[in-house]
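Trainee: I am new to this structure and would like a close look at a single part of it. Could you choose one place on the surface and take me through it with care, starting from whatever I need to know beforehand?

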Amino acid sequence: MGWDEGAVFYSDQAQFPRGGPGGDPTRHSALRKFKEFLRGFTGPTGDFPYRESLVHNRDHVTVAIEDLDAFDAELSDRIRKSPADYLPLFETAAAEVLASLRSKVAGETGEMEEPVTGDVQIFLSSKENCLSMRSVGADYMSKLVKIAGITIAASRVKAKATHVTLICKNCRSVRTVPCRPGLGGAIVPRSCDHVPQPGEEPCPLDPWIAVPDKSKYVDLQTLKLQENPEDVPTGELPRNVLLSVDRHLVQTIVPGTRLTVVGIYSVYQASATQKGAVGVKQPYIRVVGLEQSRDNNSNGPSNFTLDEEMEFKEFAQRPDAYAKLCSMIGPSIYGHSDVKKAIACLLFGGSKKRLPDGVRLRGDIHVLLLGDPSTAKSQFLKFVEKTAPIAVYTSGKGSSAAGLTASVTRDGSSREFYLEGGAMVLADGGVVCIDEFDKMRPEDRVAIHEAMEQQTISIAKAGITTVLNSRTSVLAAANPIAGRYDDLKTAQDNIDLQTTILSRFDLIFIVKDIRMYDQDKRIASHIIKVHASAAASSTGTEASDGENWLKRYIEYCRATCRPRLSEKAAEMLQNKYIEIRQKMRQQAHETGRAAAIPITVRQLEAIIRLSESLAKMRLTSVATPEHVEEAFRLFNVSTVDAARSGINEHLNLSPEIANEIKQAEAQIKRRMGIGSHISERRLIDELNRMGMNESIVRRALLIMHQRDEVEYKRERHVIVRKA
């Protein structure tokens, strides 16, 4: 009875619109083919990879689209064209195959019964090239796309209904409606199909109420994927796209990870409150498979061809490999051979170590270039940014503490807080180049301390307490206080950085612009040559090939080689370190003040790391005494030299000069009462009239300034006498 009442009958249209492409028979045959594929696909070695993985992992299986291509091209084409229709079929097929593969189990009554299998999630993986985020547009709607990028934010996990249970508020009849996957909602029918009995009130329009407790849910999380820094066109802001991941992919990704994502490009209605056209919707990608690129375990030599490996190994055996590598660094920069060697060490890095008690020792090398303007410091930084496999370039003035470490932002739609990683987190496993390091505000510079030594960034803001990884090398460039390096002053007065941050740098180079006739001539001719030949060589691809080769070689060395110290080398290290400490103590004793750059156990670790990275360049697994020798040489020309520089002026004074300086000091004290101030120029002129040499007066002022007897004000123009 009641069939011709004209009521609405429900069909499963929400999940498969218009009965699937080409009506039901194709769907049925597709289901059959999927089952055949999972059961019968043989791998290259003759095993059944998907059957085995289903038996071992009962809740998910990763399918390579290439295998599906080989098995049935039409099927893989359908999955590419309309994944939203065919993936649920694939998952149903997988669940049925799993049920048939599992043996029967004894029930509670002792009888054999079919095992209960849950849903199986299918992940797709593909070896195609990635699309760029900017090229994905309306043509790709509801198709399978593959893109790569860095995750910059992850929301917390939400529950998403797959089937919503509805109840009619008039007649209490119950119905289940499937929900669209991803960020879509359920389609709720307008009317109830209950036929009223005579005398009964008919059901009104929109009678359905959702019953949350009886609905089925899966986990859902949204991520923000930003394009890789190297893919962003010059002068543009990086684009980002929303990803939604569900079930087993939830909470596998932390911000700062590099991902390659296979997903369905789809749309959702941003929010009901949003004004504007009804037809305009926000795009997002529903992830159906993802792989993390460059993970420490997975980036083995698998992504290098055999020819490349052979070439790299041959190169490493050459006696001049080290010199050749150093000549490849900043080839357009003249001279600075030691700085180039240090940067080569920084790019290759030492070996990370984990001690049995869980302490991590860093393997990354930090370098600080300190010196005069126009000594190619920023050029080095730019070169490293291009060459290092992962690199982020920031300038000191334009970066804040939150931008370097991580910031907590509030999501616009859900009003919840989430973390966005900054430069140090995004460059995890690479290099951070910080230019104008001295211009940073001190409170921002402190944020780098932890990242440089402990290799983590801890955050406690807005109810989020967490630790992020930042295993990065830092390459910083800074100018001395007065802009130029002043040889009259001590290193301490030239370097305006605290000891705490200086001791974290493994190598500190003081790059001076020395005026020497021969050198100036050579540099000038080199620069003119570079400019003259730039136009001619801009067509050649040799330079870019060399850069790519260097990048690949660095990646290969970092992935495959983890050198350790040999016993001889370790013994030699110990003796040398004690010797350096002894010299420093002696120097402090003679001058009566501590060195500007401390030599601590950190510096010993720095030499160990340098030796390891020198061994890594040659792809040897043991660091020998020769490597330690070279590491010490680098350490001596950089850090030790910097610690010694500029303090000899009142060690090697002849007694006459020392006497004159004392007289000048007495005159200055007589001329200036405590607390009075006078312009420096005027003071020097007055003492000049009394027959004193200007340089002697300046030295006397310097020594008094070091003793804290006078103070400079107004950019060193005015001198104030202190108590």
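Mentor: Before anything else, two residues are said to be in contact when heavy atoms of theirs lie within 4.5 Å. The model before you is a predicted one, and among its contacts between residues at least 6 apart in sequence, 71% join residues at least 24 apart. The protein has 22 helices and 27 strands, and of its 723 residues 43% are buried, while the accessible surface comes to about 37700 Å², with 52% of that area belonging to carbon and sulfur atoms.

On that surface, the part I would have you look at is a patch of positive charge, where K352, R354, R360, R562 and R564 gather. Take R360 as your way in: this residue is found in strand β13, which covers residues 360-361. R360 has a relative accessible area of 39% and therefore counts as partly exposed, since that class lies between the limit of under 20% for buried and that of over 50% for exposed. A place in such a patch calls for over 30% relative accessible area and no salt bridge, and the 39% of R360 is the value to set beside that cut-off.

For an example of contacts elsewhere in the chain, turn to A447, which lies in helix α12, residues 442-453. Once its neighbours within four places in sequence are left aside, A447 is in contact with A401 and T405. The C-alpha atoms of A447 and A406 are separated by 10.0 Å, although these two residues are 41 residues apart along the chain.

Key. Residues numbered from 1 in each chain as written. Predicted model: local features only at pLDDT ≥ 70, side-chain atom pairs only at ≥ 80, totals over all residues. Heavy atoms only, no water. Helix = DSSP H or I, 4+ residues; strand = E, 2+ residues; numbered from the N terminus. Buried < 20%, exposed > 50% of the residue type's maximum accessible area, 1.4 Å probe, protein only. Areas by Shrake-Rupley, 256 points an atom, 1.4 Å probe, with all protein chains shown as cover. Patch = residues over 30% accessible without salt bridge, like charges linked within 9 Å, V, L, I, M, F, W, Y side chains within 5 Å. Salt bridge = Lys/Arg side-chain N within 4 Å of Asp/Glu carboxyl O. Lys, Arg positive; Asp, Glu negative; His and termini not counted. Charge placed at Lys NZ, Arg CZ, Asp CG, Glu CD.
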